[in-house]
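Hi there,

Here is the structure I promised to send over. Have a look at it first, and then read on for what turned up in it.

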Amino acid sequence: MFGNPAPGAVVPPGKVRIEESRLIPAKVRAEAALAAPLVHAAAQGDADALKRLAAYKDRMSDPAFATALLEEIGPQALVSLPALMAARVSKAIGTEPGRTEAMRRDNRALLSMLSKALAAATDPARPTRVGTRFLDALREEGRKERKAPGAEGQTYAGYWAFGQILAADPGAKYSAWFMSTIGRDMIAWDREYLKKNHVPFMPRDDASYGLVAPMDTRPVAGSPDIAAADPIAALMTLAGASRENAQTLLGHGDTLKYLLHDRRPQWGMGDRGESLGGAMEAAMKGADEASKRLAASATHIIADDVQPHVSFDSNGQIRFKNPSELDRLAGIRDNMGRILTEHSDDIVRATYMTPRKPSDGGLTGNVDGEVFARFDKKKLDLVLLDITSDDKAYQALLLGQVAHMRGRIDQAVAQRNPSWAKNEITIGSNALGHLLEARKQGLVARGKEADEVDAQFRKLVEDGIGLVPIPGANQVGKLGIKAAGTIYENFVKAGYAKAGDWLAEQAGHGGGKTAKAYGEAASNEQVAQEMVKQMLQSSTVAHENYRRDDLRGPFVVGDPPRIKALEDMTAHEHENFEEWLRRNSTVPDDFGKAQSNILNGANDFDRNVGIEKPKDASGG
């Protein structure tokens with residue numbers, strides 16, 4: 001059998017023979033020997049064979065059976081089966097177009113079974129798997145160009161056909177070993193193929209790598225049209241199932257740069273990078289060094305592609321030259337938004353610090369045992385300029401930044417540390433200024449209207465997102481001041497995206513007392529000031545961080561006196577509390593600090609992307 005040493009003596013059923021340290025019962029091999037001809041027959045359109053093969057569907061995830069089946073089929077036949085199916089569909093399109101839908105449905109069922117078997121047979125954690133000789137032969141077949149069966153003159157690339165198997169079952173669980181052996185070689189082949197042929201993958205039903213789609217795949221984003229799957233998109237979809245798989249592919253050599261930069265035209269004719277974005281998100285959202293390094297690397301690559309498209313009109317307004325070029329990777333924007341959201345700590349660090357560049361050019365650093373990503377703030381702002389035009393990306397970033405500020409300010413107030421609170425307000429507001437300005441300028445660059453005050457941000461503040469107390473905040477006094485750090489860590493344990501989503505869900509429960517109408521002259525700075533005021537109010541009450549002497553007013557309850565929980569206050573009580581806090585807070589100027597620092601952040605963003613603010617009449 002393929003990929004194994006010469007078979008030994010025949011053994012009785014039920015016993016095993018040893019081949020490359022694998023134990024596969026003879027009975028299982030016998031079953032695989034019966035199933036293999038059914039695979040070939042079903043690929044040629046034998047409906048009865050497909051029906052009989054369905055009895056083995058659940059066995060495809062059994063590594064022993066899957067391994068035996070693939071060795072019976074062999075790498076060459078495995079790679080040629082999708083091409084055989086495509087040739088049959090192509091013939092039907094010309095003679096019996098009404099039959100193609102059923103044919104493609106049957107083909108998907110067969111290819112899906114093969115994908116499951118391939119995933120099970122290439123998992124080294126299972127007791128049995130195909131050998132390295134099998135994979136070596138599979139790589140060799142993937143790189144071959146063969147004549148399509150029954151199609152005069154047409155040829156197909158082996159990895160194109162192999163990609164159709166991968167696309168048949170997007171939920172199949174492949175191993176990191178598969179990604180490092182076959183996956184990396186597929187990407188290398190793709191790079192060489194496109195360079196040699198000078199024609200990117202064209203997802204049409206009559207010319208995809210020389211063959212039509214064997215099943216009902218729709219590789220073009222938002223299109224109902226059937227076309228052959230982009231083999232690399234299929235690979236990225238599977239890689240996105242786990243961090244290990246995604247990092248195995250994207251962290252290899254200059255693969256990330258190839259996929260994000262060189263392959264842009266290819267993605268533009270397919271899913272616009274949606275599959276790539278999924279793999280990137282899996283690889284880059286973690287707190288581990290590899291995730292942070294890849295996230296920082298991605299911002300460098302994307303920024304270098306955005307920069308040449310930034311221009312300015314005769315009025316000095318920012319504009320994108322050929323934005324359709326940037327839109328070729330529109331599918332990764334929401335993923336990048338969520339990726340950067342999870343690195344909010346590092347992004348805030350980048351906006352107020354210019355860390356000394358390490359001699360090795362590394363993209364990560366280490367402070368007190370914690371890894372951080374070395375984001376370049378100019379490149380980061382260019383990325384924000386591009387991705388914040390996507391509503392999902394912007395919402396994730398906005399909620400993540402709000403969650404970051406909310407948690408940090410609360411922690412500082414719990415520690416009774418006004419200097420720390422002021423610092424968190426300063427740096428958090430500055431980072432928020434970068435983000436809000438990126439959203440505004442990103443929309444303007446695309447010729448869209450951008451309000452002076454961001455509508456999404458204003459709505460969150462009017463709903464009282466800053467008033468939402470951190471879960472367990474009122475327990476700090478009972479458990480000791482060190483509990484503040486633990487509560488903060490628990491708040492963001494699942495990530496800044498989930499923390500931000502939770503805050504947004506809880507906002508607005510105050511019975512309308514927090515609603516504030518902003519006039520036409522309102523600015524993002526004024527809204528930010530209101531949000532920080534809310535945060536300080538909530539943390540002050542939750543942690544009882546106030547003097548009790550002379551504590552009086554309709555918002556005071558109990559003996560000894562304490563401030564009523566914000567969610568229990570009426571609008572009248574809340575209004576009186578705001579006035580009391582303004583007069584008695586130990587950090588009343590922090591509201592203003594938020595306003596000035598969000599403006600500083602916005603101005604810093606403008607400088608980083610090349611926007612020159614008009615000078616005033618005095619020439620200042």
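Let me begin with the lining of the largest pocket: by class, this lining has 12 nonpolar, nine polar and 12 charged residues. Please keep in mind throughout that this is a predicted model.

The pocket itself has a volume of about 1,000 Å³. In total 33 residues line the pocket, and those nearest its centre are Asp-345, Glu-370, Arg-408, Tyr-488 and Tyr-496. If you want to find the walls on your screen, look for helix 17, strand 8 (370-373), helix 19, helix 20 and helix 23 (483-491), each of which supplies at least two lining residues. Helix 17 gives the largest share, with six residues.

Next, the enclosed spaces. How many cavities of 30 Å³ or more does the structure hold? There are two. The largest cavity has a volume of about 100 Å³, and the second largest about 40 Å³.

Around the largest cavity you will find Leu-340, Thr-341, Ser-344, Ile-347, Leu-384, Leu-397, Gln-401, Ala-431, His-434 and Leu-435. Helix 16 (333-342), helix 17 (344-352), helix 19 (391-414) and helix 20 (418-445) each bring at least two residues to this lining. Here the largest share comes from helix 20, with three residues. Helices 17, 19 and 20 will be familiar from the pocket, where each of them also supplies at least two lining residues. As for residue classes, the lining of the largest cavity has six nonpolar and four polar residues, but no charged ones.

The second largest cavity is lined by Arg-264, Ile-302, Leu-326, Leu-329, Ile-332, Arg-333, Asp-386 and Ile-387. Its lining divides into five nonpolar and three charged residues, with no polar ones.

Now for the protein chain as a whole. The chain has 27 helices and 10 strands, and 54% of its 620 residues are buried. Of the contacts between residues at least 6 apart in sequence, 74% join residues at least 24 apart. The accessible surface comes to about 27,100 Å², and carbon and sulfur atoms account for 49% of that area.

On the inside, the largest nonpolar core counts 169 residues, and the two that touch the most other members are Phe-162 and Met-236. A separate core of 12 residues lies apart from that one, with Leu-467, Tyr-546, Met-569 and Trp-580 among its members.

Met-236 is worth a click. Setting aside neighbours within four places in sequence, Met-236 is in contact with Ile-187, Leu-249, Leu-250, Leu-259, Trp-267, Ser-275, Leu-276 and Ala-279. Met-236 belongs to helix 9, where Pro-231, Ile-232, Ala-233, Ala-234, Leu-235, Leu-238 and Ala-239 are buried along with it. Helix 9 (residues 231-239) is mostly covered, with eight of its nine residues buried.

What covers the buried residues of helix 9? The cover includes helix 7 (158-168), helix 8 (176-197), helix 10 (243-250), helix 11 (255-262), helix 12 (264-268) and helix 13 (274-284).

Happy browsing, and do write back with any questions.

Best wishes

Technical notes:
Residues numbered from 1 in each chain as written. Predicted model: local features only at pLDDT ≥ 70, side-chain atom pairs only at ≥ 80, totals over all residues. Heavy atoms only, no water. 1 Å grid on protein atoms, 1.4 Å probe; cavity = no way out; pocket = protein on both sides within 12 Å on 5 of 7 lines; lining within 4 Å. Points joined across faces, edges and corners; volume = space filled by probe spheres on them. Helix = DSSP H or I, 4+ residues; strand = E, 2+ residues; numbered from the N terminus. Nonpolar A, V, L, I, M, F, W, Y, C, P; charged D, E, K, R; others polar. Buried < 20%, exposed > 50% of the residue type's maximum accessible area, 1.4 Å probe, protein only. Contact = heavy atoms within 4.5 Å. Areas by Shrake-Rupley, 256 points an atom, 1.4 Å probe, with all protein chains shown as cover. Core = buried A, V, L, I, M, F, W, Y, C linked by side-chain atoms within 4.5 Å.
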